[in-house]
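Trainee: Could you walk me through reading a model like this one?

Mentor: Sure, pull it up and we'll take it feature by feature.

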Amino acid sequence: MNDINDILLCDLDAFFASVEQLDHPELQGKPVIVGGSPESRGVVSTCSYEARQYGVHSAMPMKKALILCPQAVVLRGNMSRYKTVSLQVRQIFERFTPAIEFVSIDEAYLVVKRGTGCHTGNAIHIAVKEELRLPISVGVSTNKLLAKIACELAKPNKVGSLWLEEVPKLLWPHPVRVLPGIGPVTEKNLERHGITTVKDLAAYPAASIEQLLGNNAKTLQDYANGIDNRQLEFEHEAKSISEETTFPEDIYDREIIFTVLLELSAGVGYRLRTAGVSCRTITLKLRFSDFRTISRSKTLPDTVSDDMEIYRIVKELFTAHSGKPPWRLLGVQISGFEQGSQLSLLTTTLAEKKEKHLLQTKDLLRKKYGSEVLFPAKRLSRKNKED
Ligand SMILES: [Mg+2]
């Protein structure tokens with residue numbers, strides 16, 4: 001349980017099989033099994049939901065899988081292709097938050113600001129579906145355990161949530177197997193003592209459960225009550241957030257550049273605040289019409305999370321390093337993340353309070369309508385020109 005964040009578990013459904021069905025449309029709707037050959041005692045790596053209907057599942061010997069579902073299409077799989085797709089999925093995740101723990105090639109925990117989990121989960125689901133045409137399930141909660149279980153219960157291809165207060169109603173009726181760490185052996189062991197559902201485990205006297213489960217007793221009983229204090233491990237955490245624009249033609253006008261820099265700053269700023277972090281380093285990327293590309297950074301003594309602060313720095317960097325026009329590409333990157341945003345600190349002046357309120361309103365509207373509906377008057381002139 002944490003006070004400031006929601007946690008998402010995003011898990012692609014039948015990942016290898018789904019990629020094969022995507023690459024080979026003739027396999028759609030058919031039972032597809034990716035794995036080793038039955039002759040060499042191979043096992044099922046992944047199977048499509050069509051194959052699962054016949055009782056086929058991961059880690060099952062291929063020989064057995066083919067007895068259950070003889071008409072299945074068996075493929076050896078193409079790991080380099082799956083890695084490429086996994087990277088594309090990863091890039092989608094990184095648009096939403098820099099705080100990501102990648103569990104495996106098709107599974108990741110994401111941390112987002114409290115209250116934004118379901119919205120983000122739905123947005124990820126739509127992005128993966130529309131951009132990659134792959135099914136993904138997302139579980140939303142406030143800890144890893146409940147996010148994982150929410151995801152399992154939502155599968156396939158859905159977004160679901162499971163909150164701590166819903167544990168008695170939604171988690172307790174399930175068999176103990178739903179909890180991570182309880183395999184077939186432990187399940188049998190518990191069953192002998194009359195513990196079959198999660199509720200049975202939650203209600204069992206702690207001292208007796210310790211005799212049954214040894215060192216894992218406390219953790220598993222906590223799990224049964226929806227409690228999980230595991231922290232996310234960000235060893236693969238996104239180190240930066242960036243957005244860039246390539247112009248369809250050479251740009252000579254600095255005013256246009258500033259307008260685009262403002263938009264890019266607002267884009268990275270929004271993602272920064274959604275992740276509940278602030279940043280210390282701001283980088284401008286600039287490409288000239290001869291394709292020479294430069295990056296210039298500034299690291300600040302204090303972290304920032306405000307669009308206008310980011311814009312002020314990139315504008316300063318542009319003014320110092322822009323050289324002669326024309327320009328072809330502009331990018332804004334932020335890095336050096338720290339938990340918590342400067343906005344959450346006490347604001348001292350009325351002007352700062354107003355600015356904070358405006359930003360929160362902007363973020364709310366952007367969250368609701370997908371793109372910005374409020375922008376500084378400076379950009380209005382360009383918007384009008386486009387109309
Ligand atoms: Mg998966």
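**Reading the model, feature by feature**

Mentor: Let's begin in the loop between α13 and β12, where Pro-326 sits. Keep in mind that this is a predicted model. The peptide bond running from Pro-325 to Pro-326 is cis, with omega near 5°.

Trainee: Where else is there a cis peptide bond, and what is omega there?

Mentor: Look at Lys-155 and Pro-156: they are joined by a cis peptide bond with omega about -5°. Pro-156 belongs to the loop between α6 (144-154) and β8 (159-161).

Trainee: What is phi doing at Asn-157?

Mentor: Asn-157 isn't a glycine, yet its phi is positive, near 60°. You'll find Asn-157 in the loop between α6 and β8. Asn-157 counts as partly exposed because it has 18 C-beta neighbours inside 10 Å.

Trainee: And Ala-14, is that residue buried or exposed?

Mentor: Ala-14 is buried, because 25 other C-beta atoms lie within 10 Å; the cut-off for buried is 20 or more. Ala-14 also has a positive phi, about 40°, although it is not a glycine. Its place is the loop between β1 (5-12) and α1 (15-23).

Trainee: Let's move to helices. How do I read which side of one faces inward?

Mentor: Start with the general idea: an α-helix has 3.6 residues a turn, so residues three or four places apart point the same way. Now take helix α13, residues 307-321. Its buried residues are Asp-307, Ile-310, Tyr-311, Ile-313, Val-314 and Leu-317. They lie on the same side of α13 because they cover an arc of only 165° around the axis.

Trainee: Which residues are exposed on the other side of α13?

Mentor: Thr-319 and Ala-320 are exposed there.

Trainee: What do the buried residues of α13 pack against?

Mentor: One helix and three strands by name: α12 (254-274), plus β10 (277-288), β11 (293-304) and β12 (327-335).

Trainee: How far does α13 reach from end to end?

Mentor: From first C-alpha to last, its 15 residues reach 21 Å, close to the 21 Å expected at 1.5 Å a residue. Just after α13 comes Gly-323, with a positive phi of about 60°.

Trainee: How do I describe two helices that pack together?

Mentor: Two packed helices are described by the angle between their axes and the distance between the axes. Here, try helix α4 (residues 79-96) and helix α5 (residues 117-132): they pack at about 145°, and their axes are 10 Å apart. The crossing of α4 past α5 is right-handed.

Trainee: Which residues meet there?

Mentor: From α4 you have Val-85, Gln-88, Val-89, Ile-92, Phe-93 and Phe-96; they meet Thr-120, Ala-123, Ile-124, Ala-127, Val-128, Glu-131 and Leu-132 in α5. Sorted by class, the contact of α4 with α5 has 10 nonpolar, two polar and one charged residues.

Trainee: And what about Thr-219, where does that residue lie?

Mentor: Thr-219 lies in helix α11, residues 217-224. With 18 C-beta neighbours inside 10 Å, Thr-219 counts as partly exposed. Its C-alpha is 9.3 Å from that of Gly-181, though the two residues are 38 apart along the chain.

Trainee: Stepping back, how many helices and strands does the chain have?

Mentor: The protein chain has 15 helices and 13 strands. Of its 387 residues, 37% are buried. Taking contacts between residues at least 6 apart in sequence, 62% join residues at least 24 apart.

Key. Residues are numbered from 1 along each chain as its sequence is written. This is a predicted model: local features need pLDDT of at least 70, side-chain atom pairs count only at pLDDT 80 or more; totals for chains, interfaces and linings use all residues. Helices (H or I, at least four residues) and strands (E, at least two) are DSSP runs, numbered from the N terminus. A residue is buried if 20 or more other C-beta atoms lie within 10 Å of its own, exposed if 12 or fewer, and partly exposed in between; C-beta atoms are placed from the backbone. Axes are lines fitted to C-alpha atoms, for helices over the stretch in contact, and angles run from 0 to 180 degrees between N-to-C directions. A crossing is left-handed if the near helix is turned anticlockwise from the far one by less than a right angle, and right-handed if clockwise. Two residues are in contact if their C-beta atoms, placed from the backbone, lie within 7 Å. Ala, Val, Leu, Ile, Met, Phe, Trp, Tyr, Cys and Pro count as nonpolar, Asp, Glu, Lys and Arg as charged, and the others, Gly among them, as polar. The expected span of a helix is 1.5 Å times one less than its number of residues. The arc is that of the directions from the helix axis to the C-beta atoms.
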